[in-house]
Amino acid sequence: MQESLASFFGVTCSQLQKLISIAMEEGGEYADIFFEHTTVNELSLRDNRINRAGSHTDYGVGIRVIQGEHTGYAYSEITAMPQMEKAARFAAKIASSGRTLSMPSAVRKISGNDFYPMKRDLESFGIGEKLPFLELLDKRIFELERRCTKVRAAISDSLSKIMFFNSLGEFYTDIRPLVSVMGSATFEQNGRLESAGASKSFRAGAEILNDNLIEELASTIAAKGAFLFEARQPVGGEMPVVMAAGSSGILLHEAVGHAFEADFVRKGTSIFSDRLGMQVCDNSITIVDDATLTSNRGSLNYDDEGIPGQKTALVEKGRLNSFLHDRISAKYYNTAPTGNGRRESFRYMPIPRMRATYMEGGEFSREEIIAGVRKGIYATDFSNGQVQIGAGDFSFYVKSGYMIENGKLAAPVKDINIIGNGPQALGEISMVGNDSMIDNSTWTCGKGQYCPVSCGMPTVLVRHLIVGGLA
């Protein structure tokens, strides 16, 4: 695959070395070259008919040069040598310091990981094969919930061909698939409207699409819609909150995970900047960021700096064990990169980013955790919220859940705001469930640039959070 992709991008080993030499001729300490060819296909259905179909391709190369505290970056959408040489010189000028280093002569290929095997090639997966899945999703939601009035469904697939080379002589290639299915529906009863949606996303081939996946999505959407007609907004206040396994992991990602990214740590904007090696929560808690989950949306064989995908323990038995590093932050902290150097595309420099971030399971059952709450909220369906990364203060919207009364689930509730502070909430977790679950929805992290991620959580009890509801 390495040789074929080199041919695909139209470059030879000697040309790659020449580009690195040009990139470092102004005195760079390190340089790398990132080639990308990504094809994205989208198909959507509304009112039982196709309302959108499209395909686009992104192609180009990004060249980065690092010299001390300075980084130069330039990209080209044309991979002919004159344009790439121009980009290399431009990046070199930005990072220049006037000292020239020699280039290695050897090229070392890195390979071995295969976290997203494809059984069915996406490049031959056409509209005619996708359409029946959208039609089935539409049909099943209407069949499962008679109050459904409108369905929107979409399938998106992409295939990224990546080639990387750096001044250390490291060379790798990767082919990254991504398939996503999304559905949403509007429901009506006595003039009252409710809406619900669900999605699934995997790094896999076309084989991931099957009737069972569509049935799971349809059942989830229909059940969410029916639930909302029974739910009411609760009375707010400070109370215990039990977070359900799965999508609650988005709160972990946003309210805590970003504070572990080493660029925020280095700038001193992370509340955890000076707490490495310290106890930050109960010793029952282990939080990991993982690139090695098979077919997971956040997995990577190699990150965008050529570091092999790996599993990193951020918090281990309550102790802050590691930050998330790219090559730059790893050098600054004199540690090894953790494989978290990621970028949206060849147009962007890599920065520390999460992959699949989740809390590992504990010892309690879901029922035991709920039984330990006299009065509180069981939050089941999280969506994005607002977070201040420095302080860790957050506000998250919870679409649905239940009241907990005397250790039992009671009235269904909806439209809740959960307000708190990430590090404090982490410290307030007193029970961790044995049901850790990854949520395979279409989570996308924005940090000046966008990357696909995933998240997960076991059922946990947070002793005190502010629940925004009725006065």
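Strands are DSSP runs of E with at least two residues, numbered from the N terminus. In the present model, which is predicted, one such run is strand β14, spanning residues 356–359, and T357 belongs to it. With a relative accessible area of 1%, T357 falls under the 20% limit and is therefore classed as buried. The side chain of T357 is engaged in a polar contact with the side chain of D289, at 2.6 Å. Apart from residues up to four places away in sequence, the contacts of T357 comprise L252, H253, I287, V288, D289, S454, C455 and G456. D289 thus appears both in this contact list and as the polar partner of the T357 side chain.

A second buried position, S248, is located in a loop rather than a strand: the loop in question connects β8 (237–243) and α6 (249–255). The relative accessible area of S248 is 0%, so this residue is buried. Once neighbours within four places in sequence are set aside, S248 is in contact with M243, A379, F382 and M457.

Two domain features are taken from the UniProt record. The unreviewed entry assigns "domain: Metalloprotease TldD/E N-terminal" to residues 31–95. In the model, this span is 22% helix and 65% strand, and its end C-alpha atoms are separated by 10 Å. The feature "domain: Metalloprotease TldD/E central", likewise from an unreviewed entry, is listed for residues 121–223. Here the helix content is 30% and the strand content 49%, with 33 Å between the end C-alpha atoms.

Residues in and around the central span were then examined individually. E123 occupies the loop between β4 (108–109) and α4. A relative accessibility of 54% lies over the 50% limit, and E123 is therefore exposed. Leaving out residues up to four places away in sequence, E123 touches L159 and K161. With K161 there is a polar contact between side chains, that of E123 and that of K161, at 3.2 Å. The C-alpha atoms of E123 and N166 are 29 Å apart, for a sequence separation of 43 residues.

L178 is part of strand β6, which covers residues 170–189. Its relative accessibility of 14% is under 20%, so L178 counts as buried. Beyond the neighbours within four places in sequence, L178 contacts L122, S156, D157, S158, S201, F202, R203, A204, R297 and P452. Between L178 and E368, which are 190 residues apart along the chain, the C-alpha separation is 37 Å.

Helix packing was also considered. Two packed helices are described by the angle between their axes and the distance between the axes. For helix α4 (residues 127–144) and helix α5 (residues 211–230), the axes come within 9 Å and cross at roughly 35°. The crossing of α4 and α5 is right-handed. On the α4 side, the contact is formed by F133, L136, L137, R140, I141 and L144, which meet D211, I214, E215, L217, A218, S219, I221 and A222 of α5. By class, this contact of α4 with α5 contains 10 nonpolar, one polar and three charged residues.

Technical notes: Residues numbered from 1 in each chain as written. Predicted model: local features only at pLDDT ≥ 70, side-chain atom pairs only at ≥ 80, totals over all residues. Heavy atoms only, no water. UniProt positions renumbered as here; feature names shortened; annotations may be inferred. Helix = DSSP H or I, 4+ residues; strand = E, 2+ residues; numbered from the N terminus. Axes fitted to C-alpha atoms, helices over the stretch in contact; angles between N-to-C directions. Left-handed = near helix turned anticlockwise from the far one by under 90°. Contact = heavy atoms within 4.5 Å. Nonpolar A, V, L, I, M, F, W, Y, C, P; charged D, E, K, R; others polar. Buried < 20%, exposed > 50% of the residue type's maximum accessible area, 1.4 Å probe, protein only. Polar contact = N/O pair within 3.5 Å; in protein donor to acceptor, adjacent residues only side chain to side chain.
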